[in-house]
Amino acid sequence: MIKFAIIGAGWRSEFFARVARELPDRFQMTGLLSRSREKADSFGQTWHVSVATSLDELLTVQPDFALVSVPWGVGEELVIELSRRGVPVLYETPPSPTLEGLRALHEALKSLPAKVQVAEQYHLQPLHAARLEAIKQGWIGTPNFARVSVAHGYHGISLLRRFLGIGFELPTITARHFKSPLINGPGRDGPPQEEKTIESDQLLATFDWGEKLGSFDFCGDQYFSWVRGQDLLVRGERGEVHNEEIRLLQDYQTPLKIILQRETAGANGNLEGFYLKGLTARGQWLYQNPFMPARLSDDEIACAACLQGMKTYLETGKDFYSLAEAMHDRYLDILMDEAAQKGEAMRAEFQPWMI
């Protein structure tokens, strides 16, 4: 049983609440704390979790760790205070909105018994995990180019780095915005109520790591829009991964085209339940869902993997997405925005968390 307390009653906290609801034998929310009493009471009633009125009360039941899911600029002090108390932290939001904030948080935690990971879930989503496994097995050779049009800012950058096998290497970044009309689609509150044309803001950027090149392309509408999809391409000398298709060479005279297959229960009269089993290709599992038979979306499966990864980190010390890594992705995100605003190339520089 993994026991975690939640600080913050916003939209993202609900993803972890759904995980706990669907897997009550593996995850338990021990309590909730929020600055808004109204939101806290509503969250508590909806998800059947006790609401605390103070940090002391929240920690009385001694959770394994605290999930901090609060707005930008609010979480840093919470992470520092929890670390002072010796409470491990799974930080759901980016470490800080500014470079100065990132440096200050790093400095503040240096002298504390801090145990912090960040709930960056994208690389843990089943499809991305399957793609990464195929690349890890050498199917396309050594990745040298990646184009990611999947997620905004630091999320997209984290995928770029992982698909290219990049650590704290320092890129040169160029970027620009492109605005275009788009028919408004659904959002967090549901489907659109009328046809309405909005302005879509697309951010395009290039990350030059020398022998490896990353292309970032995203507009915020992609998360919900019915007419703006996701796109991912990773190329190596022996092949490429493009969305659900992998092109590779069995030998220099034998090309293969492989489709990643989703294996699910509950379709076409199957009575096992309704859940993702995993993804297969070339007669093998590239990803197996460790949380079946829970009825979870891909993103909720990834959130469950963050909770599990935090528990493993506390037991073994093995990072699944460290605070330093999160700071680096956010730093590159800040530089990408600056490059787009200034219209000039930005060169990343050494930062204290890279040690």
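**Exercise 1. Find out which residues F216 is in contact with, leaving aside its neighbours within four places in sequence.**

*Solution.* Keep in mind that this is a predicted model.
- Step 1: place the residue. F216 sits in strand β9, which covers residues 213-219.
- Step 2: list the partners. Once the neighbours within four places are set aside, F216 is in contact with V148, A151, H152, G153, G156, I157, L160, L203, L204, A205, F207 and M336.
- Step 3: check the accessibility. F216 has a relative accessible area of 2%; buried means under 20%, so F216 is buried.
- Step 4: try a residue elsewhere in the chain. L82 is 134 residues from F216 along the chain, and their C-alpha atoms are separated by 35 Å.

**Exercise 2. Work out the strand order of the open sheet of 5 strands, then see which helices go with it.**

*Solution.*
- Step 1: read off the order. The strands run β2-β1-β3-β4-β5, and the pairing is parallel.
- Step 2: look at the ends. β2 (27-33) and β5 (116-118) are the edge strands, each pairing on one side only.
- Step 3: get the twist. From one strand to the next, it averages 25°.
- Step 4: add a helix. Helix α1 (residues 11-22) packs on the sheet and touches β1 (2-7), β2 and β3, with its direction at about 145° to that of β2.
- Step 5: zoom in on one pair. β3 (residues 65-68) and β4 (residues 89-91) run parallel and are joined by 3 bridges. Here A66 stands opposite V89 of β4.
- Step 6: add another helix. Helix α4 (residues 75-84) lies across β1, β3, β4 and β5, and runs at about 165° to β4.

**Exercise 3. Decide whether Q117 is buried or exposed, and find the polar contact of its side chain.**

*Solution.*
- Step 1: locate Q117. You'll find Q117 in strand β5.
- Step 2: check the accessibility. Its relative accessible area is 1%, so Q117 counts as buried.
- Step 3: find the polar partner. The side chains of Q117 and D319 make a polar contact at 2.7 Å.
- Step 4: look at the surroundings. Apart from neighbours within four places in sequence, Q117 is in contact with V89, L90, Y91, M310, Y313, D319, F320, Y321 and S322.

**Exercise 4. Say which residues of the largest nonpolar core touch the most other members.**

*Solution.*
- Step 1: pick them out. The core has 109 residues, and F4, F27 and F207 touch the most other members.
- Step 2: ask where the core comes from. Helix α9 (residues 323-342) gives the largest share, 10 residues.
- Step 3: follow F27. Beyond four places in sequence, F27 is in contact with M1, I2, F4, V19, A20, F291, A304, L307 and Q308.

**Exercise 5. Explain why helix α6 is largely enclosed by the rest of the structure.**

*Solution.*
- Step 1: count. Helix α6 (residues 126-136) has 11 residues and 8 of them are buried, so the rest of the structure largely encloses it.
- Step 2: name them. The buried residues are P126, L127, H128, A129, A130, R131, A134 and I135.
- Step 3: look just past the helix. There, G138 takes a positive phi of about 85°.

**Exercise 6. Find how many disulfides the whole structure has, and check C306.**

*Solution.*
- Step 1: search the whole structure. The result is 0 disulfides.
- Step 2: test C306. Its nearest cysteine sulfur belongs to C303 and is 5.9 Å away. A disulfide needs the sulfur atoms within 2.5 Å, so C306 is in no disulfide.
- Step 3: check the accessibility. C306 is buried at 0% relative accessibility, and C219 is buried at 5%.

How values were computed
Residues numbered from 1 in each chain as written. Predicted model: local features only at pLDDT ≥ 70, side-chain atom pairs only at ≥ 80, totals over all residues. Heavy atoms only, no water. Helix = DSSP H or I, 4+ residues; strand = E, 2+ residues; numbered from the N terminus. Buried < 20%, exposed > 50% of the residue type's maximum accessible area, 1.4 Å probe, protein only. Contact = heavy atoms within 4.5 Å. Pairing = 2+ DSSP bridges. Axes fitted to C-alpha atoms, helices over the stretch in contact; angles between N-to-C directions. Core = buried A, V, L, I, M, F, W, Y, C linked by side-chain atoms within 4.5 Å. Polar contact = N/O pair within 3.5 Å; in protein donor to acceptor, adjacent residues only side chain to side chain.
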